[in-house]
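Reader: I should like to understand how the labels applied to a structure are justified. May I ask about them one at a time?

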Amino acid sequence: AEPQNMSCASNITFNPPPTFMLFGDSITQFSLSTQGWGHQLQMRYERKADIICRGFSGYNSRMAKHMLPRVLSQMTVPSLVVIFFGANDAAVEDSVLQHVPVDEYGENVQEIVG
């Protein structure tokens, strides 16, 4: 015979929680460490939302706008996306791989959000 508490559980409907995606650079990548801001979100929204971290150390907004479609294609459409780029974009101009001029940064963010 089925335990009484199990038969009750079969009548419960389960609605998947919303998904929040954290999309950014190393600040995002390491945000799930203890006491990090991503970890705090996970604790705050425990059993209320799934927090997905997609942080890419060293990436800037120029790289991110090309990466986002691939990231999104590997998951269900998130309910909320937190975009956290700019630290690497603001690197000194000598840093050819990371520096992005302010005007281009604004355009990149607009494209990512759009």
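Reader: Why is the contact between Glu-104 and Arg-62 called a salt bridge?

Author: A salt bridge requires a side-chain nitrogen of Lys or Arg within 4 Å of a carboxyl oxygen of Asp or Glu. The closest N and O atoms of Glu-104 and Arg-62 are 2.7 Å apart, so the pair satisfies the definition. This is a predicted model, in which local features need pLDDT of at least 70 and side-chain atom pairs count only at pLDDT 80 or more, while totals for chains, interfaces and linings use all residues. Residues are numbered from 1 along each chain as its sequence is written, and side-chain values use heavy atoms, without hydrogens and water.

Reader: What parts does the pair of Glu-104 and Arg-62 tie together?

Author: Glu-104 belongs to helix α5 (residues 102–113) and Arg-62 to helix α4 (residues 61–73), so the pair ties together parts 42 residues apart in sequence. Helices are DSSP runs (H or I, at least four residues), numbered from the N terminus.

Reader: Why is Arg-62 called partly exposed?

Author: Buried means under 20% relative accessible area, exposed over 50%, and partly exposed in between (1.4 Å probe, protein chains only). Arg-62 has a relative accessible area of 28%, and therefore falls in between.

Reader: How do you know that Glu-111 and Lys-65 form a salt bridge?

Author: Their N to O distance is 3.7 Å, so the criterion is met here too. Glu-111 lies in helix α5 and Lys-65 in helix α4, so this pair ties together parts 46 residues apart in sequence.

Reader: What makes Val-113 count as exposed?

Author: Val-113, found in helix α5, has 57% relative accessibility, and is therefore exposed by definition.

Key. Helix = DSSP H or I, 4+ residues; strand = E, 2+ residues; numbered from the N terminus.
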